[in-house]
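Reader: I'd like a close look at one part of this model, if you have a minute. Could you walk me through it in plain words?

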Amino acid sequence: MSSSETERPRGADSPADQADGALSTAVAPRLRALRRQASLTLEAAARAAGLSPAHLSRLETGQRQPSLPMLLALARIYGTTVSELLGETVAERDAVIRAADMEPTAAGGWTYWQAGAPGRGMQALRVHVPHGSQGDIVRVHPGEEWLHVLRGRLRLRLGDATHRLAAGDSAHFDSLTPHRIAAEDHDGVDLLFVHTLLQSPTAALCLGPNPGDMT
């Protein structure tokens, strides 16, 4: 288990953890229902997401708060989007998304705004990653990712290589390459982020285990 998965006893939760309880309660039943709909056991889904079965079980029962990378990984595995996983719905699939309609959502220390329509083959997000957030975990999954730095400096780890990106820089890579992003500046980093979504839960079989924490 990587350091990002280290869990504290429930009694040691911070006020911020307690404030996020509503999100955990809302997401938990959907996580379990989507896993069962995908015909995945708790162990298989946890392995695909790079989590321990105990950690996923706590997410499904609302005892733990999911981070944004966890939500992204589970959405891919279950063939859905983060917005649908969170229960966000839209009246129709508009081609244009207005800034006033982009409501911020906080998860695991990250803040993100849906910048694309749900139900598409790609998901577009505007993301703020704070310095030292718990979102700095290694991810491995099928598909592609593209990101563009709007503000701040980003440290991107791809396999064994480390890249530092400044405002205006972009990266486009195969998501099967173990990757991790982190903010270089104490003010965090703002990104545009686009990734492909799995269209079938069976694609979860292609996911490998979490390769562990990288420094």
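Which residue of β6 is the bridge partner of Leu158? Please start from there and work outwards.

Author: Happy to. Keep in mind that this is a predicted model. The partner you're after is Ala161, which sits in β6 across from Leu158. That pair belongs to a run of 5 bridges joining β5, residues 154-158, to β6, and the two strands run antiparallel.

Now step back to the sheet around that pair. It's an open one with 3 strands in the order β6-β5-β8, paired antiparallel. β6 (161-165) and β8 (179-183) are the edge strands; each has a single partner, so one side of each has no neighbour in the sheet. From one strand to the next the twist averages 20°. As background, strands in a sheet pair through backbone hydrogen bonds, either parallel or antiparallel.

There's more strand pairing to follow, and β4 is the place to look. Strand β4 (residues 144-151) is joined to β7 (residues 170-174) by 5 bridges, and the two run antiparallel. Within that pairing, Glu144 has Asp174 of β7 as its bridge partner. β4 also pairs with β9 (residues 189-196), again in the antiparallel sense, this time over 6 bridges. There, Glu145 stands opposite His195. In general, side chains in a regular strand alternate between the two faces of the sheet.

Next, follow Leu147. Leaving out residues up to four places away in sequence, Leu147 touches Leu154, Leu165, Asp169, Ser170, Ala171, Phe173, Ile181, Leu192 and Phe193. Leu147 also brings us to the largest nonpolar core, which has 42 residues. Leu147 is among the residues with the most contacts inside that core, along with Leu56, Tyr78, Val127, Leu154 and Ile181. Helix α5 (residues 68-77) gives the core its largest share, 7 residues. In soluble globular proteins, nonpolar side chains do tend to be buried together.

Tyr78 deserves its own stop. It's in the loop between α5 and α6 (82-85). Still, Tyr78 counts as buried, because its relative accessibility is 5%, and the cut-off for buried is under 20%. Tyr78 and Ala33 are 45 residues apart in sequence, yet their C-alpha atoms are 9.9 Å apart in space.

From Tyr78 you can hop to Arg35, which touches Leu40, Thr41, Leu42, Ala45, Leu56, Glu60 and Tyr78, again not counting residues up to four places away in sequence. Arg35 is in helix α2 and is buried, with a relative accessible area of 10%.

Some of those contacts lead to a helix pair. The axes of α3 (residues 42-49) and α4 (residues 53-60) come within 8 Å and cross at roughly 105°. That makes α3 roughly perpendicular to α4. On the α3 side the contact is made by Leu42, Glu43, Ala45 and Ala46, and on the α4 side by Pro53, Leu56, Ser57 and Glu60. Sorted by type, the residues of this contact are 5 nonpolar, 1 polar and 2 charged.

One last oddity is Ser39, in the loop between α2 (21-37) and α3. Its phi is near 60°, a positive value in a residue other than glycine. For context, most residues other than glycine have a negative phi. And where Arg35 is buried, Ser39 counts as exposed, at 66% relative accessibility.

Terms used:
Residues are numbered from 1 along each chain as its sequence is written. This is a predicted model: local features need pLDDT of at least 70, side-chain atom pairs count only at pLDDT 80 or more; totals for chains, interfaces and linings use all residues. Side-chain values use heavy atoms; hydrogens and water are left out. Two strands pair if DSSP finds at least two bridges between them. Helices (H or I, at least four residues) and strands (E, at least two) are DSSP runs, numbered from the N terminus. Axes are lines fitted to C-alpha atoms, for helices over the stretch in contact, and angles run from 0 to 180 degrees between N-to-C directions. Angles under 35 degrees count as roughly parallel, over 145 as roughly antiparallel, 65 to 115 as roughly perpendicular and the rest as oblique. Contact means heavy atoms within 4.5 Å. Ala, Val, Leu, Ile, Met, Phe, Trp, Tyr, Cys and Pro count as nonpolar, Asp, Glu, Lys and Arg as charged, and the others, Gly among them, as polar. A nonpolar core is a set of buried Ala, Val, Leu, Ile, Met, Phe, Trp, Tyr and Cys residues joined through side-chain atoms within 4.5 Å. Buried means under 20% relative accessible area, exposed over 50%, partly exposed in between (1.4 Å probe, protein chains only).
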